[in-house]
Amino acid sequence: MDKYILENGKVHLGSGIWVDEEKWHQLQVTQGDSKYTKNLAVMIWGTDVLKNRSVTGVATKKKKDAVPKPPLSPHKLSIVRDHNKKHLDAVAAQEDLAMASTKKSNLPPMIDSRFTEKDLNDVFIFEFEKPKFGLLGKAKKKSATCKVEKEVNGELKPCSFKTSEASAVKSFNLWRHVKRNHPENYAALVTKKNQEDEAKQKADAAKRRSSGSLKTPGEKIFCGASSEKKPKIEQTKLDSCLKSSKVTVTMDANTFREGLMEMVCLSSTPLTTFRLKNKGFQKIAGEMGRQLGVSMGHDAVRHLVVSTAESGRKELKKALEQKLCYLKMDAATRGNRNFLAINAQYYEEGKDKAVVKTLDVIDTEGCHNSSYVKSQVKAILEKFGISEMQVLSICVDNAANMTCAVKNFSEDNETISTSENRDVDRTEAMLPDEGAKGMNEIELHVDAAAQWVNDPTLILPTWLHEDDSKVQLMRCGIHTLQLAIWDGLNKEHAKKFLAKIRQVVVKLQTPSIQSVLLDLHGVTQSLDTVTHWGSTFVMIDRLLVFQSYCEQMAAAGTRELKLTKAEWDEVKNLRDLLAKPNQTTVNLQAVDVTPGVLMKEWRKLSKFLQENGGQIAEGILSSMQKHEEKLFDNIHFLAGVYVDPRYRILLTSREIPKAKEGLLDIARRLEKQNLLLYLNSAKEVEENETQQKESTIEFAVSEHPSEVAGCSQTSVSPLNLFERPSVRRLQPSRGNGDNSSINSSEDDDFEKELDKQERRQRVSAIHNCNEALFERNFREDCEAMESIGRLKVKSVFEAIHSYPHRIQAACRIASSMTTTQASVERLFSALKLILNDLRQAMKDDLIAAIIFYRMNYE
């Protein structure tokens, strides 16, 4: 039967589908493509059917538990598609007709800008709402209705177009309706405007001729009347005046070099870009480089990268001078090459946070044993001038070579003397009758006291230098958690169930099925990988997205995708169980994971698993408890938790003494570092005095000299942390009045003797620092710190401001401890971009320079 046959008030659309004639006519005047399609679908199926159907029969991706609805009838869908296509073609034809009718008017491409408000009133009927603020209020347009009639099936019917308040105030929307739906009326309005413009131009020309005024620049001036046609006046475009063949760029040489560094180190631009053969890049930036005096050749840019990184290392070495810090290291293979990376983490004054800096990335050439790793780390520390006493802990993963290297790190330490040698050295520098005097009465021999200039450590009290703690081992919190999760999933019950899930996943990874899943859901199935964190959770979570597809294919006969309803429920339960450990892993990858935060996340996950129950949860929990003994077996880590008032309560009665021991160790190292700083500064002054002229007296004065002499009464050094004492230069007195007759040479000798005596007193005070008083003050500060209780603060560094002043420095260093290897892992992620398949020949110094600049870039 033919389409569009009218019979008994019905219109035939094809395939035996009839619709009401009146609704069909209303559909023809519907404005908007989407609204037309919607009304057509309602006419064919009805709203009740459309509510319970879908186009494809696939469940929506917006809801995880959405149930797929039955698809619509294919033959009816084909009718909707055909009519929708015809409607779009008709709309396009009308627009082409309107454009053709307005082409002669030389108008803008969309709407004639000459139309005014009066022209709108000729086409539309506006309804206004009453003013809200009395007579002076301004009425707003409420709606607009089209007055133009439209021919439908040979009859003129009023247009059904009506706008809301928002559209009524925009004349562009109203004229667009006229242009699309009433092209004849629009063309008539344009013609009318053209006639009005032409009449106005003629009237203006006649007026100018009658008045004798000068003609416009586009007109020729004639003495009399002429039949020659006047040339058309063309307006000059504005952009033609603004364009220029040359541009001026504000740039200096340093900014240009920084741009080159960022291209190579941050954007991974290969050095081949800067070769002279690269004509395109040389055209863009070559002249700028020549004008600034910056060479842009391959070798020059390479030298710039390496030299910039070297200067950055010198700055970092200066920043790490005499700072207590933590290290974290890891090894990985990239592009058939083996690399060892090491980061330093320390507290930076004035920022109230721990900072992480990349020290080095070296090619190990396949050597990954513990002795080699230890030797390389010591070489890097020596390169940056970091002594082993400055290193508190080293964070590594649970690999045997890494843990062994840290445990044996201080075994062959030749820089630290034994206690017996220390006693011998110290005895040589002391008076023979040392034992006969009290601790506060010991004085150094005049000749022996000069030995501290050669070795200031000889002056330190025994309890500060003979108890140098070894470097502590810290296991990465994320690696340890992943081992615990993996152990729990390796239990017999979980292992069998995961094996069955992997069979379904492997089938979903076949190319034919992957293309279907990509069309339906936009993603494909992933398989878990042992070396990837949280990959098992991602695999199970993604499998549940394809549950409906698996059930349909299994019903059609694909046995590899078949899982029972009970098994699907177990998959959901396993997904919900692993979601919490996965979120904990994500939380621990943050930059600011302090020891207290790691302890909180670990204990919170343990509580969740204990409350959840089940075989898999119990397996993960028991493995976490087993790994917890090794993870928390670090006194500096426990000290970091102890100084955090938010999570100190998580420490057990067995862990609190170890935490205080770790904090005391940090305080001792701080005391020693600060005293050595003072002695080294005095040593520099002593050496300078022997070389200076008699006209200048130079000596070092502490910011609080009275406290230095009484250092036995404080638990930390009075000197500012890692800051050298200020140096004052005093000009000698020229002599006036009473002392002008004194022999200047004899007076200078006497003054020098007084200076030496004063320095001996200071050195003696440093030597006689009392260990018992130091520890007593430490205990008092700990008690005052514990009495504060829990504080609701954003970070532990904010809470430390309320602690006793003597212990704040040690608390900040304890809170800056590294707990994960996340930053080192990111180093190797960046190495993937830098050392790709096309850049395997890159040398070690360039790789290290790019990594150093990239990871330390601010």
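Which residue caps the N-terminal end of α25? Let's keep that as the opening exercise, and remember throughout that this is a predicted model.

**Exercise 1. Find the cap of helix α25, then describe how the helix is covered.**

Solution.
- Step 1. Look just before the helix, which spans residues 635–642. Asn634 is the capping residue: a side-chain oxygen of Asn634 lies 2.9 Å from the backbone nitrogen of His636.
- Step 2. Now check burial, where the cut-off is under 20% relative accessible area. Eight of the eight residues of α25 are buried, and the helix is mostly covered.
- Step 3. Name them as you go along the helix: Ile635, His636, Phe637, Leu638, Ala639, Gly640, Val641 and Tyr642.

**Exercise 2. Move on to Arg646 and work out its surroundings.**

Solution.
- Step 1. Place the residue: Arg646 sits in the loop between α25 and α26 (655–689).
- Step 2. Is Arg646 buried or exposed? Its relative accessible area is 10%, and buried means under 20%, so Arg646 counts as buried.
- Step 3. Follow the side chain to its polar partners. One polar contact, of 3.0 Å, joins it to the side chain of Asp644. The Arg646 side chain also reaches the backbone oxygen of Lys794, at 3.0 Å.
- Step 4. Set aside neighbours within four places in sequence and list what Arg646 touches: Thr594 and Val597, together with Arg790, Leu791, Val793, Lys794, Ser795 and Val796. Lys794 thus appears in this list and as the backbone partner of Step 3.

**Exercise 3. Draw the three-stranded sheet and its surroundings.**

Solution.
- Step 1. Write down the order, β1-β2-β3; the sheet is open and the pairing is antiparallel.
- Step 2. Why do β1 (6–7) and β3 (17–20) each have one side without a neighbour in the sheet? Both stand at the edges with a single partner strand, so that side is left free in the sheet.
- Step 3. Add the helix. α1 (residues 21–28) packs on this sheet and touches β1, β2 and β3, and its direction makes about 80° with that of β3.
- Step 4. Fill in the pairing of β1 with β2 (residues 10–14), which is antiparallel over two bridges. Leu6 stands opposite Val11, while Glu7 has Lys10 as its bridge partner in β2.
- Step 5. Do likewise for β2 and β3, an antiparallel pair with four bridges. Here Val11 faces Val19 of β3.
- Step 6. Inspect the turns. The hairpin of β1 and β2 has two residues between the strands, and Asn8 in the turn has a positive phi of about 55°. Two residues also separate the strands in the hairpin of β2 and β3, where Ser15 takes a positive phi near 60°.
- Step 7. Finish with burial: four of the five residues of β2 are buried, so β2 is largely enclosed by the rest of the structure.

**Exercise 4. Repeat the drawing for the five-stranded sheet.**

Solution.
- Step 1. This open sheet runs β11-β10-β9-β12-β13, with mixed pairing.
- Step 2. The edge strands are β11 (353–363) and β13 (472–475); each has a single partner, so one side of each lacks a neighbour in the sheet.
- Step 3. Neighbouring strands of the sheet are turned by 25° against each other on average, direction ignored.
- Step 4. For a parallel pair, take β9 (residues 325–334) and β12 (residues 391–396), joined over three bridges. Lys328 has Cys395 in β12 as its bridge partner.

**Exercise 5. Locate two positive phi values in loops.**

Solution.
- Step 1. Recall the background: most residues other than glycine have a negative phi.
- Step 2. Ser268 has a phi near 60° and is found in the loop between α10 (253–265) and α11 (279–292).
- Step 3. Gln322, also not a glycine, has a positive phi of about 60°; its loop connects α12 (298–319) and β9.

**Exercise 6. Decide where to read the model with care.**

Solution.
- Step 1. Start with the chain: its mean pLDDT is 76, and 73% of its residues reach 70 or more.
- Step 2. Mark residues 102–109, where pLDDT is below 50; this stretch has 12 contacts in the model beyond near neighbours in sequence.
- Step 3. Mark residues 413–449 too, again with pLDDT below 50, and with 38 such contacts beyond near neighbours in sequence.
- Step 4. Draw the conclusion: where pLDDT is low, predicted coordinates should not be read in detail.

Definitions and conventions. Residues are numbered from 1 along each chain as its sequence is written. Side-chain values use heavy atoms; hydrogens and water are left out. Two strands pair if DSSP finds at least two bridges between them. Contact means heavy atoms within 4.5 Å. Axes are lines fitted to C-alpha atoms, for helices over the stretch in contact, and angles run from 0 to 180 degrees between N-to-C directions. pLDDT is the predictor's confidence in each residue, from 0 to 100. Buried means under 20% relative accessible area, exposed over 50%, partly exposed in between (1.4 Å probe, protein chains only). A polar contact is a pair of N or O atoms within 3.5 Å; within protein, one must be able to donate a hydrogen and the other to accept it, and residues adjacent in sequence count only if both atoms are side-chain atoms.
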